[in-house]
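Reader: I should be grateful for a close look at a single helix and at the interior of the protein around it. Please describe its burial and packing, and then the core and the enclosed spaces.

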2 protein chains.
Amino acid sequence: MSSLIRRVVIVGGTHGNELTGIYLVKKFQKYPHLLHRKSLECATLLANPKAIAANRRYIDRDLNRCFANGDLANPALTSYEDRRAKKIAAQLGPKSQPNADVIIDLHSTTANMGLTILPSSKDPVNLRLAAYLSTLNPLVRICCGVQCNQDAPMLRSLSPLGCTIEVGAIAQGVLNADYLQQTEQLVHAILDYLDAMNQGKVLSAPSSLNVYQVMSSVDYPRDSSGELQAVIHPSLQFKDYEPLSDGEPMFLKFTGESIPYRGENTVYPIFINEAAYYEKKIAMTLTSKQQLSLEPVS
Amino acid sequence: MSSLIRRVVIVGGTHGNELTGIYLVKKFQKYPHLLHRKSLECATLLANPKAIAANRRYIDRDLNRCFANGDLANPALTSYEDRRAKKIAAQLGPKSQPNADVIIDLHSTTANMGLTILPSSKDPVNLRLAAYLSTLNPLVRICCGVQCNQDAPMLRSLSPLGCTIEVGAIAQGVLNADYLQQTEQLVHAILDYLDAMNQGKVLSAPSSLNVYQVMSSVDYPRDSSGELQAVIHPSLQFKDYEPLSDGEPMFLKFTGESIPYRGENTVYPIFINEAAYYEKKIAMTLTSKQQLSLEPVS
């Protein structure tokens, strides 16, 4: 039997222009009874208030890359987001012994990623929860980052349990009613699952699940001064999680020529044409599709 | 016979996070032969370089609201965008006797507005050109703003001839290959049309056209502190230019209730859920659909 989940924290506004999480957290703050569950306490957090007020991803630096252990311990890092990260880590962490048992961090993306669950670790509790969620809505997909553990620099890494939820395609600075409702349903499903688990019940979930494992990222073709030379190919735009095989078009140059994907293995690109990743030099992230067998609940 | 068009200016980056126009202008600057036409000179302009570098709509103030005559003449207005507007007006204007015969200002929107032409005035040259463009691509629609004349505060108002092109749905900070190609095709079609007109040829166009005339705008329902209480209703999201009649759903409150449109006349909403308009208190703009007969070419 897993140990009990006592404290769940739902986070919005880690990026200040991703309105889905911000408005859901505001709704939960206004109607706290929505989060009441018998066996657990549920708190909310708006992670980056200055960026939310400015309707920008961040003020000085991407907050969701500020949670590496070394950075949290580095007193020389004093940007607005570095200071916020340290404050949040003191509140929800420390990573070695978190105050929050489960952290759910709500994000949106301009890529067509539906309802993507990025578990904070491959802990069996996270994976069984993800498998359960995938039965509720066909848009749910499970993706493990390169660092699917507490070494990651993301806010979610403050606790081994929980996930980031990436919802899209949604433009920055925009609320989409459908995705808002579906994200809220996921949050409720997570709380219900954990509440049932605390009470020794296991909500039924498949015994295996498909996981998209991040392998690498691909930048846009650029010239020597860093200027883009191509865009996402029209046949790949909005095709997140669909297979891409050797020779299939990946980019379209401004001069009209296609640039194909080259690789022995079929990949499943995600974060295709995410607005915030142009500056990170990421046109898309390549994943492999894996089937995981889930450990039976002990 | 209309007077000759000697100088066309193609503008991108009036808003620094609308990449379609920015990258098209950069392409034209790199390959200027693309703009060569027998009877006219074609120049390009990136209107808001600081906002482009920052990947933001504007630095201090929306540049595309800085071109009212009073503001251009007001020495007390010294924000970055006010100074840019005065510089651009000196270059392309003055409104009373423009240096640019035709201005084409390239924008994008998070609303699902396809390829929308907003003529700078109802000059017959603009309307015949718009009618011609509407025959080339079913996504082309013609919309006249409340101030469809040189009193408007938009950059396009520096000349009576020309238009804004609004392309979407595209997220801010994102390039979409399909829309990039279709916008470029529109620019070429405009230049071809004007070049033919200069040479006494009239490219065939229908003798009437549908125009969506802006009537008013509608804000989101807000509470007393200005916080949103509702979002665009899912049944209206991405339904720009579709009819909306009395009693049909317009907004969805965070608490789950629908708010219907109330009005005697059927309207055609546009700019539905435009990211940049939340701060302008515009959830959508209501238009009426009108059929205009075009004056025969004299």
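Author: In this predicted model, the buried residues of α4(B) are B:Y80, B:E81, B:D82, B:R84, B:A85, B:I88, B:A89 and B:L92. Helix α4 of chain B runs over residues 80-92, and its 13 residues reach 18 Å from the first C-alpha to the last, close to the 18 Å expected at 1.5 Å a residue. The buried residues of α4(B) pack against the strands β1 (7-12), β2 (41-46) and β3 (102-108) of chain B, and also against α2 (49-54) and α3 (69-72) of that chain.

One residue of the core deserves attention. Within the largest nonpolar core, which has 142 residues, B:V8 is among the four that touch the most other members, together with B:I10, A:V8 and A:I10. Leaving aside residues up to four places away in sequence, B:V8 touches B:L40, B:E41, B:C42, B:A43, B:V102, B:I104, B:L191 and B:L194.

As for enclosed spaces, there are two cavities of 30 Å³ or more. The second largest cavity has a volume of about 40 Å³. Its lining consists of B:I117, B:P119, B:N126, B:L129, B:A130, B:L133, B:G162 and B:C163. Two or more of these lining residues come from each of β4 (114-119), α5 (124-134) and β6 (161-168) of chain B, and α5(B) gives the most, with four. By class, the lining of this cavity has six nonpolar and two polar residues, and no charged ones.

The largest pocket, by contrast, has 14 charged residues in its lining, along with 23 nonpolar and twelve polar.

Key. Residues numbered from 1 in each chain as written. Chains lettered and ligands numbered in written order. Predicted model: local features only at pLDDT ≥ 70, side-chain atom pairs only at ≥ 80, totals over all residues. Heavy atoms only, no water. Expected span 1.5 Å × (residues − 1). Buried < 20%, exposed > 50% of the residue type's maximum accessible area, 1.4 Å probe, protein only. Contact = heavy atoms within 4.5 Å. Nonpolar A, V, L, I, M, F, W, Y, C, P; charged D, E, K, R; others polar. Core = buried A, V, L, I, M, F, W, Y, C linked by side-chain atoms within 4.5 Å. 1 Å grid on protein atoms, 1.4 Å probe; cavity = no way out; pocket = protein on both sides within 12 Å on 5 of 7 lines; lining within 4 Å. Points joined across faces, edges and corners; volume = space filled by probe spheres on them.
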